[in-house]
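Please open the model in your viewer and keep the sequence panel beside it. The tour below moves from one selection to the next and says what is to be found at each stop.

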Amino acid sequence: MNDLHGLIFAYNTNTRLKELTEHRTVSSIPFGGRYRIIDFMLSNMVNAGVTDVGVIMRDSYQSLLDHLGSGKDWDLARKRGGLRLLPPFGLPSVHGPAFFRGQMEALACVSDYLSHIRQEYVCIANGDIVVNLPLESVLDQHLRTGADVTCVCTPHPISEPGTATYVSLGKSNIVTDVVVGRPEVNSYETLGVYIMSKKFLESVTAYCHGHNLYDFERDVLQRMRDQITIYAFPFEGYVAHLQSTAQYFKHSMDLLSPEVRSSLFLRSRPIKTKVRDETSAYYGPDSSVSNSVLADGCIVEGTVENSILFRGVRVEQGAVVKNSILLQDTMVSADAQLNYAICDKNVNIHKGRILMGHDSYPIAISKNTSV
């Protein structure tokens, strides 16, 4: 256990993810055969010794509640502290009590929760990033440098143009400039992961709430850059920021690479998720499976190539699934063909159906749909 508290913003939505966010937030989208996107940031915190984590939600959070539950799968089910799910409350606003425009407004909604944090330091992070971070090392650097804010960043572009925050670095990785929306030469993109003291977080939350400011990157990092000390923690490993259906497909297919899997799934920092007891995947005598990721509970009697199958997926005899992502309990009936398709949970593809997309524009089938 260390003196660090975790806060995850799990309310992000994105219309470009279309069918995948009809019933859930981005943080709750299934990823990698058995995980949800929030599992990565939550596991990063638990692996760093964090025992108290708050998850800030806003709307469409039923899927997130079902997945996280009491937090026992992350060893966060505790009588005191542990996992706390924070729906929108506590901020009278002309925009309505369930609406906040940015992180600072979301923090103002849970100001009472902030005041009861037991730890001296807080890590705030977005829940829509797929990454395996050494957060303990980030905290060590924060303590060593005496920074007001330490931000985790990457030299590789991970977000769509105009949607990210970039920092320029000076000696010893001190941040010399903060740019929102447009990268400078040799700048680093932030991952939305920041460590600071509880006292500092409470102070800037009160300041922003009193001055109608709501964005952490723009209204704290950029606006206050000359008054505070910001250090960066450059991270060279694999990072995925899922902002569209095409990006979801691309980064999911990245998992077919052993190098990407070895960067995300480390023995020393395991990614934990909700346990669902299943039998091992079954491969029929006439089945053919190549270069694919299959979760427990799958039944494959047909052909699967370059695909990711979540728990409980069934591919009947004669069916062909190529370059596709089939979420939990999807059924592909006999002689059906899928190519460059994303099927949400409980999709039923009837016998003989043919669905074909493209790697830049995969077909996405909504949850509980029969085709």
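## First stop: a parallel sheet

Begin by selecting strand β23 (residues 331-332) together with β26, which pair in the parallel sense over two bridges. Keep in mind throughout that this is a predicted model. Within this pair, methionine 331 is the residue that stands opposite asparagine 348 in β26. Now widen the selection to the whole sheet, which is open and made of five strands in the order β14-β17-β20-β23-β26, with parallel pairing. At its edges are β14 and β26 (348-349), each of which pairs on one side only.

## Second stop: strand β11 and its partners

Next select strand β11 (residues 188-197), where eight of the ten residues are buried, so that the strand is largely enclosed by the rest of the structure. Which strands pair with it, and in which sense? Strand β6 (residues 121-126) pairs with β11 in the antiparallel sense over five bridges, and a good place to centre the view is valine 122, which stands opposite methionine 196 in β11. Strand β8 (residues 149-154) is also antiparallel to β11, in this case over six bridges, and here threonine 154 stands opposite glutamate 189 in β11. Strand β9 (residues 165-169) is joined to β11 by two bridges and again runs antiparallel to it; the residues to display are valine 167 and, opposite it in β11, tyrosine 188.

Stay with β8 and add strand β12 (residues 230-234), which is mostly covered, four of its five residues being buried. The pairing of β8 with β12 is in the parallel sense and extends over five bridges, whereas that of β8 with β11 is antiparallel. To see one of the bridges between β8 and β12, show valine 152 with its partner in β12, phenylalanine 233. As a general matter, the strands of a sheet pair through backbone hydrogen bonds, either parallel or antiparallel.

## Third stop: aspartate 219

Move to helix α7 (residues 216-222) and select aspartate 219, which has its place there. Is this residue buried or exposed? Aspartate 219 is buried, because its relative accessible area is 6%, and the cut-off for counting as buried is under 20%. With the side chain shown, follow it to the backbone nitrogen of tyrosine 214, which it reaches at 3.1 Å. If neighbours within four places in sequence are left aside, the contacts of aspartate 219 are Cys208, Leu213, Tyr214 and Met224, so selecting these four residues displays its surroundings beyond the local stretch of chain.

## Fourth stop: the cysteines

Colour the cysteine sulfurs and look for disulfides: a search of the whole structure finds zero. Cysteine 123, for instance, is in no disulfide, and the cysteine sulfur nearest to it, that of cysteine 151, is 12 Å away. Cysteine 123 counts as buried at 1% relative accessibility. Cysteine 343 is likewise in no disulfide, the nearest cysteine sulfur being that of cysteine 298, 13 Å away, and at 0% relative accessibility cysteine 343 also counts as buried.

## Last stop: a cluster of rings

Finally, turn to the aromatic side chains, which form eight aromatic pairs. Select phenylalanine 31 and phenylalanine 40, an edge-to-face pair with 6.0 Å from centre to centre and 75 degrees between the planes. Phenylalanine 31 counts as buried at 0% relative accessibility, and phenylalanine 40 counts as buried at 0% as well. Then add tyrosine 35 and phenylalanine 265, a stacked pair with 5.3 Å from centre to centre and 25 degrees between the planes. Tyrosine 35 lies in strand β3 (residues 35-36), while phenylalanine 265 lies in the loop between α9 (258-264) and β14 (282-283), so this pair ties together parts that are 230 residues apart in sequence.

The two partners can be examined in turn: tyrosine 35 is buried, with a relative accessible area of 11%, whereas phenylalanine 265 is partly exposed, with a relative accessible area of 28%. Showing arginine 34 as well reveals that it lies over the face of tyrosine 35, at 5.4 Å from the ring centre. To end the tour, select Phe31, Tyr35, Phe40, Tyr248 and Phe265 together, since ring pairs link these residues into a cluster.

Definitions and conventions. Residues are numbered from 1 along each chain as its sequence is written. This is a predicted model: local features need pLDDT of at least 70, side-chain atom pairs count only at pLDDT 80 or more; totals for chains, interfaces and linings use all residues. Side-chain values use heavy atoms; hydrogens and water are left out. Buried means under 20% relative accessible area, exposed over 50%, partly exposed in between (1.4 Å probe, protein chains only). A polar contact is a pair of N or O atoms within 3.5 Å; within protein, one must be able to donate a hydrogen and the other to accept it, and residues adjacent in sequence count only if both atoms are side-chain atoms. Contact means heavy atoms within 4.5 Å. Two strands pair if DSSP finds at least two bridges between them. A disulfide is a pair of cysteine sulfur atoms within 2.5 Å. Rings of Phe, Tyr and Trp (its six-membered ring) pair if their centres lie within 6.5 Å; planes under 30 degrees apart count as stacked, over 60 as edge-to-face and the rest as tilted. A charge sits over a ring if NZ of Lys or CZ of Arg is within 6 Å of the ring centre and within 35 degrees of the ring normal.
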